[in-house]
Amino acid sequence: MLQYGKRIWILLVILLLVGCSQSSSEEGGKSGKELTVLFNFPTSTIDPHLDSNYTVVRAGVGETLVKISEELELEPWLAEKWESKDGQNWTFQIREGVTFHNGKKVDARAVKESLERASKDNPAVKAALKIRKMEADGQRLTIQTEEVFPQFPSELVHPNTAIIDVAEKDFDKKPVGTGPFKVASFEPGVALNVERFEKYWDGKAKLDKATFAFNEDANARQMALRSGDADIVFRPPVENLEQLKAEKAKIESVPGLRTHQLIFNMDSPYMKEENVRKAVDALMDRKEIVEHILNGHAVVAKGPFLADFPFAPSYEEKKSGIEAAEQYFTQAGFQIQNGKLAKDGKPVRFKVLTYSSRPELPLIAQILQAKAKELGIEMEIQQVENIDEYLAANDDWDFTTYSSLTAPRGDAAYFLNAAFMPDGALNYANINHPKLTAIIHQLNKTVEANERNKLAKEALKIIDKEMLRSFIVHPNIIVAYRDGVKNWVTSKSEYYILTKELDVEK
């Protein structure tokens, strides 16, 4: 009841913010063009170097040196070009004519200071960029990485590397970026209000103002769209899409770069056993999840990447179902005693984590719980508010549902490094696999594309064979928006939402 009350309160605050924005415009005699985007992940900070929800880039306030296109190709953004002859020493030419929202010129020194601050304050950024030293000369920025690092420019796509004026210290409430919109106000966990930056280097935005609001409750997001208090809603309830269409809302459902998965805790006495991991994977009914939980708005996952990526290997078919799971448990030394799965005479009990900001994940956990019960396995499901914080701080779990972008920059190296290297930002499982680590190290130093794809496939086959993670489905990105919204593009990377082209009919 308290949780429900909290969601209603958040929605009321959002409606109040939108209402106040509209009324103040009317009182001023100029309504302008405004819209509200309702996103599913709240954030307590808009410091672009620390915010794991990438709000500053998504809301068009900040920009990175390099951008990823909808064809998953790298494009110039604040850097108009870059080059390296050896994959370790890089030269970036910073675009002329760009200013921060406070009017200061963006030159190589400003970029250097921003990247230094991101690396200093965010260990994940430091580990990803691997920068040994940087030098600034006018608009020319030279960077030497710690080792040969061919995919370095793709790492500069990441929103946590957004370029801001670090002389302005209010990073978590009013960062000063370079995008088509500048921060007007921010209410942690509720909404970010932005207004057009009139001197944007790439031409004025079509919108005068926008609100980037947050609500984890899918039904509340749908209600806001239906009432007209939101113009664009991310991830409305899939079971209500036809109803929204009947009410003249436009629906986009496009294949994304995200994968729902299970992370196994390698420090768990159960999950350190390969056959136990395979048994849990065998209990997963992926087709049921696609058809009944996601209403067909997903595809079955065989690995972390969509099958059409050049670095996705062909996988051997796996055994699945209750009988296959029982065989794997038997091979791991488990027995069924009095209708209960046991190990060394003790009943088996798994602690499984999940979280509600992606509402299908608790449902996936419940399906798995029901399948496990058929084998006499007790599964305790614990729903946590911030899954990343919990996984980083606790090891009292056996496995967890999880969702992440796996190829947001069109390259396999990002996910392999983050999830399977010993110091990886997403290696919550504490995986330390010497052979796999060596292959990823080699991948990181390899320049030629075909050889990189070959190494990625080699790594992925180890992950699959030993079931180091279980990959469930690739969900579509689903967005619903009102008929008056113009020039909307559902970004596959999920990085770019409020753009200068986004428009709305007055």
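Colleague: Before we turn to packing, which residues of α8 are buried?

Modeller: In this predicted model, the buried residues of α8 are Val276, Arg277, Lys278, Ala279, Val280, Asp281 and Ala282. Helix α8 spans residues 274-282, and because seven of its nine residues are buried, the helix is largely enclosed by the rest of the structure.

Colleague: How should I read the packing of two helices, and at what angle do α8 and α10 pack?

Modeller: Two packed helices are described by the angle between their axes together with the distance between those axes. For α8 and helix α10, residues 322-331, the angle is about 170° and the axes are 8 Å apart. Since angles over 145 degrees count as roughly antiparallel, α8 is therefore roughly antiparallel to α10. On the α8 side the contact is made by Asn275, Val276, Lys278, Ala279 and Ala282, and on the α10 side by Ala324, Ala325, Tyr328, Phe329 and Gln331. Sorted by class, this contact of α8 with α10 has seven nonpolar, two polar and one charged residues.

Colleague: What is the angle at which α9 and α11 cross?

Modeller: Helix α9 (residues 286-293) and helix α11 (residues 360-374) cross at roughly 135°, and their axes come within 11 Å. The two helices are therefore oblique to each other, and the crossing of α9 and α11 is right-handed. Here Glu288, Ile289 and Ile293 in α9 meet Glu360, Leu363, Ile364, Ile367 and Lys371 in α11, and by class the contact of α9 with α11 has five nonpolar, no polar and three charged residues.

Colleague: Which residues touch the most other members of the largest nonpolar core?

Modeller: That core has 119 residues, of which Leu65, Phe92, Phe350, Phe399, Leu416 and Phe420 touch the most other members. The largest share of this core, seven residues, comes from helix α13, residues 413-420. Apart from this core lies another, of 29 residues, which includes Ala205, Ile232, Tyr481 and Trp488.

Colleague: What does phenylalanine 420 contact beyond its neighbours within four places in sequence?

Modeller: With those neighbours left aside, phenylalanine 420 is in contact with Phe415, Asn427, Ile431, Leu436, Thr437, Ile440, Ile463, Leu468, Arg469 and Phe471.

Colleague: How do α13 and α15 pack, in terms of angle and axes?

Modeller: The angle between α13 and α15 is about 35°, with their axes 11 Å apart, and α13 passes α15 in a left-handed crossing. Ala413, Leu416 and Phe420 of α13 make the contact with Arg452, Ala456, Ala459, Leu460 and Ile463 of α15. The residues of this contact of α13 with α15 divide into seven nonpolar, no polar and one charged.

Colleague: Turning to loops, is threonine 446 buried or exposed?

Modeller: A residue is called buried when its relative accessible area is under 20%, so threonine 446, at 13% relative accessibility, counts as buried. Threonine 446 is found in the loop between α14 (434-445) and α15 (449-465), where, not counting residues up to four places away in sequence, threonine 446 touches Pro150, Glu451, Arg452 and Leu455.

Colleague: And where is alanine 249 found?

Modeller: Alanine 249 is found in the loop between α7 (241-246) and β12 (250-255), and with a relative accessible area of 14% it is buried. Leaving out residues up to four places away in sequence, alanine 249 touches Leu225, Leu244 and Tyr481. The C-alpha atoms of alanine 249 and aspartate 231 are separated by 9.5 Å, while the two residues are 18 residues apart along the chain.

Key
Residues numbered from 1 in each chain as written. Predicted model: local features only at pLDDT ≥ 70, side-chain atom pairs only at ≥ 80, totals over all residues. Heavy atoms only, no water. Buried < 20%, exposed > 50% of the residue type's maximum accessible area, 1.4 Å probe, protein only. Helix = DSSP H or I, 4+ residues; strand = E, 2+ residues; numbered from the N terminus. Core = buried A, V, L, I, M, F, W, Y, C linked by side-chain atoms within 4.5 Å. Contact = heavy atoms within 4.5 Å. Axes fitted to C-alpha atoms, helices over the stretch in contact; angles between N-to-C directions. Parallel < 35°, antiparallel > 145°, perpendicular 65-115°, else oblique. Nonpolar A, V, L, I, M, F, W, Y, C, P; charged D, E, K, R; others polar. Left-handed = near helix turned anticlockwise from the far one by under 90°.
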